[in-house]
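Subject: Handing over the structure

Dear colleague,

I am passing this structure on to you, and since you have not worked with it before, I have set out below what was found in it. Please look through the sequence and the structure first, and then read on.

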Amino acid sequence: MSEETSARLQLPLLRAGQAQKELLHNEALTLVDLLAQPTVIGFAAETLPADPEPGEAWIVGTSPGGAWSGKAGCIAGWSTGGWRFVDPVEGMSAWVAEDQQIARYSRGTWSMGRLQGTSVTIDGVAVLGAQQPAISDPSDGEIIDAEARVSIAAIVAALRSHGLIAS
C-alpha cells in the first residue's frame with residue numbers, strides 16, 4: 001500500500017489499522033519541527049556541514065553533492081535519524097541565521113534580501129509607495145542659483161538611486 005501524505009507539505013498520514021503508528025507519527029512530528037517557524041543555518045548551501053546538530057537545517061543550493069544530491073532547493077534538516085528533506089511550496093519562507101535575513105520561495109526559486117509589496121507604512125503613515133515618473137535635471141532659467149541647483153540635483157540623484165523615481 002502506498003504511503004498517504006498531506007496535500008501541501010507531504011507529511012506522512014496514519015492509515016486505519018496501521019501497525020507501528022508511532023514510527024509514522026514521529027516522522028511527521030520531525031518534519032513539522034523542521035517546518036514550523038523554519039530557521040536555517042545557511043542559504044544555497046552546496047556541501048554538507050561537517051558536524052550538524054539535530055534540529056539544524058539548510059536551504060540546499062542548485063548543485064548539491066553527497067547526501068544532498070538530487071535535493072536542490074529543498075530544506076535539509078538534520079535529525080537523530082539522519083537527513084530529512086522538504087520540498088518548498090510557493091510562498092514558503094525561512095529565517096537564514098548566518099545572513100540575518102528572510103529567504104522566500106516564489107515561482108520555483110529561493111531568494112533572499114528582497115522585499116516586495118505596494119507600500120511601506122510606518123505608524124499608519126505610508127512613507128514609501130510605487131516609483132514615480134522621471135524628473136528632469138535642473139537647467140536653464142533666467143536667474144541661475146548654483147547652490148540651489150546643486151541641492152536640487154543631489155535630491156533628484158538620491159531619489160533615483162533609491163528607485164523612488166525613474167531615471
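What volume does the largest pocket have? The largest pocket comes to about 240 Å³, and please keep in mind here and throughout that this is a predicted model. Its lining is made up of Gly91, Met92, Arg104, Tyr105, Ser106, Arg107, Thr109, Ser111, Arg114, Leu115 and Gln116. By type, these lining residues divide into 3 nonpolar, 5 polar and 3 charged. Two strands, E7 (101-106) and E8 (109-112), each supply at least two residues of that lining, and of the elements that contribute, E7 gives the most, with 3 residues.

The pocket leads on to the sheet in which E7 and E8 take part. This is an open sheet of 4 strands, in the order E1-E6-E7-E8, and the pairing within it is mixed. Strand E1 (39-40) and E8 stand at the edges with a single partner strand each, so one side of each of them is left without a neighbour in the sheet.

Going through the sheet pair by pair, E1 and E6 run parallel and are joined by 2 bridges, and in this pair valine 40 has valine 96 of E6 as its bridge partner. E6 and E7 run antiparallel, with 4 bridges between them, and here valine 96 stands opposite glutamine 101 in E7. E7 and E8 also run antiparallel and are joined by 4 bridges, one feature of this pair being that serine 106 has threonine 109, in E8, as its bridge partner. Serine 106 and threonine 109 are also both among the residues that line the largest pocket.

Strand E6 (residues 93-96) deserves a separate look, as its side chains alternate along the strand. Ala94 and Val96 point to one face and are buried, whereas Ser93 and Trp95 point to the other face and are not buried.

Which residue in the hairpin of E6 and E7 takes a positive phi? In this hairpin, which has 4 residues between the strands, it is glutamine 100, with phi near 55°. Glutamine 100 is found in the loop between E6 and E7, and with a relative accessible area of 53% it is exposed, because the cut-off for that class is over 50%. Aspartate 123 likewise has a phi near 55°, a positive value in a residue other than glycine. Aspartate 123 lies in the loop between strand E9 (120-122) and strand E10 (125-128), and at 79% relative accessibility it counts as exposed.

Two residues elsewhere in the chain, serine 79 and arginine 84, touch each other and are best read together. Is serine 79 buried or exposed? Serine 79, which has its place in strand E4 (residues 75-79), has a relative accessible area of 10% and is buried, because the cut-off for that class is under 20%. Its side chain reaches the backbone oxygen of glycine 82 at 2.8 Å. If residues up to four places away in sequence are not counted, serine 79 touches Thr30, Pro54 and Arg84.

Arginine 84 is found in strand E5 (residues 82-86) and is also buried, with a relative accessible area of 18%. A polar atom of the side chain of arginine 84 lies 3.3 Å from the backbone oxygen of glycine 81. With its neighbours within four places in sequence left aside, arginine 84 is in contact with Glu27, Thr30, Leu31, Leu34, Ile75, Ala76, Gly77 and Ser79. Thr30 therefore appears in the contacts of serine 79 and in those of arginine 84.

Last comes a residue from the beginning of the chain. Glutamine 10 has its place in the segment before helix H1 (21-35), and with a relative accessible area of 45% it is partly exposed. The C-alpha atoms of glutamine 10 and arginine 160, two residues that are 150 residues apart along the chain, are separated by 45 Å.

With best wishes

Definitions and conventions:
Residues are numbered from 1 along each chain as its sequence is written. This is a predicted model: local features need pLDDT of at least 70, side-chain atom pairs count only at pLDDT 80 or more; totals for chains, interfaces and linings use all residues. Side-chain values use heavy atoms; hydrogens and water are left out. On a 1 Å grid over the protein atoms alone, a cavity is a set of points where a 1.4 Å probe fits but cannot get out, and a pocket is an open set with protein on both sides within 12 Å along at least five of seven lines; lining residues have an atom within 4 Å of a point. Grid points are joined across faces, edges and corners, and a volume is the space filled by probe spheres set on the points. Ala, Val, Leu, Ile, Met, Phe, Trp, Tyr, Cys and Pro count as nonpolar, Asp, Glu, Lys and Arg as charged, and the others, Gly among them, as polar. Two strands pair if DSSP finds at least two bridges between them. Buried means under 20% relative accessible area, exposed over 50%, partly exposed in between (1.4 Å probe, protein chains only). A polar contact is a pair of N or O atoms within 3.5 Å; within protein, one must be able to donate a hydrogen and the other to accept it, and residues adjacent in sequence count only if both atoms are side-chain atoms. Contact means heavy atoms within 4.5 Å.
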